[in-house]
Amino acid sequence: MKNLHFTQEQVTKILEEIAQRKEGVTMVMQIALEAIMRAEREVFNEEFGDVSNGYRMRKTFGHGKLLELRVPRTRFGAFYPIILALLKDQEEEIRKTAFSLYGAGLTTQQVSKIFEEIYGKAYSTSQISRLFESAREEVRAWLERPLEAYYPIIFIDATFIHVRRENSVSKEAFYTVLGVKPDLTREVLAIVNMPTENVTGWTEVFRSLRKRGVEEIGLMVSDNIPGITDAISRVFGGTEMQLCVVHLMRNTKNKVNSKDKPVVKRWLKDIFRTGDSSYTRQQAIEKWEAFCDYWGRKYPSIKRMKNNPIYWYYFTYLEYDYRIQSMIYSTNWIERLNRDYKRVTRMRGALPNPDAALLLLGHVAMTKEAYKWKVTSLKYETEKFRWSE
């Protein structure tokens, strides 16, 4: 075979005839790649004193086509064709592109359609799902990564997503734990599926954070979630707690009729004011008790709120520097992330299982560029928080 010599025109003609057959382009690509690898092996053998030792079969992608290649081997096993590394990079790029489209809100069917237009090959939804495997590992590793020892503030809030369990669909809570780091940037520490909320479940969540390296939390901001205040006290004793004022105001207004809503809203805004250096926690609690007394005469559910000690946690923010109160009295920072979650899940209906939901939410959270920006105004609070700069 080495003694055969073809002109460029003859080689071109042979390749044209092959390419015109069914799957001919794939065959030409396969022939060319195998020829390159064989030639590369000869050069390798001459340079390193190795000898050829047959072939091994390898499946890979090339421009969207699945290729079965005969990869040359050498006796000492040190030979790896450069072209295979390039194809591997392309295959990884295909995986990343597929998941980026999926993570941006497209369904597997829509991703398949785009791939068909780009690569001229129809990918089934199951093939697209298999391309996500490396993304699943990446998201899983990110959600289990080591964490900082100290977080001045953590925020916890839920988004609700329809997921399938066996033969039924339910709307389940997926909680995001967002931490503010000592360098004033933010990061998502965890995303947890919590079908039922209780102290045992939240204790496990906080123990998981501790196992990943967290030793101290300065302030926790969350909604009034069953069991969460007891759980944080068990695992991170000394953490101060602030319950979300925005949730409280919304829930309280829902207890009154439409005619009273505007007046109740004004009362609540006055009680839960921010940015006033002369306004104290004790003053706010007194205003709250007066509110419960006045409106409790008409609405018994409001009357019962007065003597419930859980409501004291809504006023913790007033013990912090007045210039940061509006940033720590609610979970609004996670509300923005929740909107991103909804954007990528709303087109899909019910997700096939909770793991599929965690995959999507994890992808959105780990690519949130805004959390890399420093929230420099938090530095006003120096007595209760320790900052690294």
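Okay, let's start with one pair of residues: Thr176 has Ile191 as its bridge partner, and Ile191 sits in strand 5. Before I go on, this is a predicted model, so to speak: local features need pLDDT of at least 70, side-chain atom pairs count only at pLDDT 80 or more, and totals for chains, interfaces and linings use all residues. Residues are numbered from 1 along each chain as its sequence is written, and side-chain values use heavy atoms, with hydrogens and water left out.

A word on terms. Helices (H or I, at least four residues) and strands (E, at least two) are DSSP runs, numbered from the N terminus. Two strands pair if DSSP finds at least two bridges between them.

Back to strand 5, then. It covers residues 186–193 and runs antiparallel to strand 4, with seven bridges joining the two. The hairpin they form has five residues between the strands, and Leu184 takes a positive phi near 80° there.

On to strand 4 and strand 3. Strand 3 is residues 150–165, strand 4 is residues 168–180, and 13 bridges join them, again antiparallel. Arg164 stands opposite Val169 of strand 4. This hairpin has two residues between the strands, and Glu166 is the one with a positive phi, near 55°.

Now, which way does strand 6 run against strand 3? Parallel, with six bridges. Tyr150 has Glu216 in strand 6 as its bridge partner. Strand 6 itself, residues 216–222, is mostly covered: six of its seven residues are buried, where buried means under 20% relative accessible area, exposed over 50%, and partly exposed in between (1.4 Å probe, protein chains only).

Strand 6 also pairs with strand 7 (residues 240–243), parallel too, over four bridges. Met220 and Met241 are bridge partners there, Met241 being in strand 7. To get from strand 6 to strand 7 the chain goes through helix 8 (residues 228–235), and that β-α-β crossover is right-handed. By that I mean that, with the strands pointing away from the viewer, the path from the first strand over the helix to the second runs clockwise.

Cysteines, quickly. How many disulfides does the structure hold? Zero, counting a pair of cysteine sulfur atoms within 2.5 Å as one. Cys244 is buried, at a relative accessible area of 0%, and Cys292 is buried at 1%.

Last stop, Tyr80. You'll find Tyr80 in the loop between strand 2 (65–74) and helix 3 (82–103). Tyr80 counts as partly exposed because its relative accessible area is 39%. Tyr80 and Glu40 are 40 residues apart in sequence, and 9.3 Å apart in space, C-alpha to C-alpha.
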